[in-house]
Amino acid sequence: MTRMTFSQMISVGADPEGPGIIALILTAFSFLLFLVTIPFSLCMCVKVVQEYERAVIFRLGRLRAGGAKGPGLFFIMPCIDTYKKVDLRTVSFDVPPQEVLSRDSVTVSVEAVVYYRVSNPTMATNNIEDYSHSTRLLAATTLRNVLGTRNLAEILSERESISKVMQDALDEATDSWGVKAERVEIKDVRLPVHLQRAMAAEAEAAREARAKVIAAEGEEKASRALREAAEVIAESPSALQLRYLQTLSTISAEHNSTIIFPMPINILDQFIKKES
């Protein structure tokens, strides 16, 4: 009969997928320590998490079955259990200003704000070292990548669609981290000073052109109305006298000291004929 070493005996009795004999011995020792030190051990072993928190518990470095604990009371074994609290509330942060080169080679500075929350505390603890810092870095990178495929006009006018594309990209990338990107908003777009002046000059020129077109259309409509009025007055000579009296009434209502009486041109024609 061959003799077996102590390590071989342990390996034979251990479950390769579960805790080994040493882990079971340490767990039993921890439980005895808890019983011996009652009630002092209750202060160290009974923990509380808030409604918006969850606790991810590790026993001898292995994740405990059942997932995250909480909210409320939960129990840990002394010396062998460790836990980490994860906040489930929505967190917002500002993406630092990013200098982005648009597709039409215009440099703009863009600021955004991102809202996210932890959807799976176990994945957020085990799959990534610092989900908060990683999400911030990924948001800045995603913002530059998305805006780099858009023209300046699209960046200024299609903020909602850009925010939607960025949110989908963030949500897909952070899904394996247990993080849910809830909302992304483009907060500010800053243009270079010389570009602002050029755009302002272009807008002013466009407004002046529209004003000239509107003025020309108004003169055209006024001339047509005057022609129609002249045709009506020509049909009735007394209408011209009535219009003359109405004009005098309007001038006198303004308390003017000078009144101008129009003289028909045909009167001068009579004097010219007599002289000739």
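Is C45 buried or exposed? In this predicted model, C45 is buried, with a relative accessible area of 1%. C43 is another matter. At 62% relative accessibility, C43 counts as exposed.

Do not look for a disulfide here. A search of the whole structure finds 0 of them. A disulfide needs two cysteine sulfur atoms within 2.5 Å. For C43, the closest cysteine sulfur belongs to C45 and lies 9.4 Å away, so that pair is too far apart for a bond. For C45, the closest cysteine sulfur is in C79. That distance is 8.4 Å, again too far for a bond.

Now turn to the sheet. It is open and built from 3 strands, in the order 6-7-8, with antiparallel pairing. Strand 6 (91-101) and strand 8 (179-190) are the edge strands, and each pairs on one side only. From one strand to the next, the twist averages 25°.

Follow strand 7, residues 107-118, across to strand 8. The two run antiparallel, and 10 bridges join them. One pairing to find by eye is Y115, whose bridge partner in strand 8 is R183.

Two helices pack on this sheet. Helix 5 covers residues 131-147 and touches strand 6, strand 7 and strand 8. The direction of helix 5 makes about 35° with that of strand 6. Helix 7 covers residues 159-174 and touches strand 7 and strand 8. The direction of helix 7 makes about 145° with that of strand 8.

Terms used. Residues numbered from 1 in each chain as written. Predicted model: local features only at pLDDT ≥ 70, side-chain atom pairs only at ≥ 80, totals over all residues. Heavy atoms only, no water. Pairing = 2+ DSSP bridges. Helix = DSSP H or I, 4+ residues; strand = E, 2+ residues; numbered from the N terminus. Axes fitted to C-alpha atoms, helices over the stretch in contact; angles between N-to-C directions. Contact = heavy atoms within 4.5 Å. Buried < 20%, exposed > 50% of the residue type's maximum accessible area, 1.4 Å probe, protein only.
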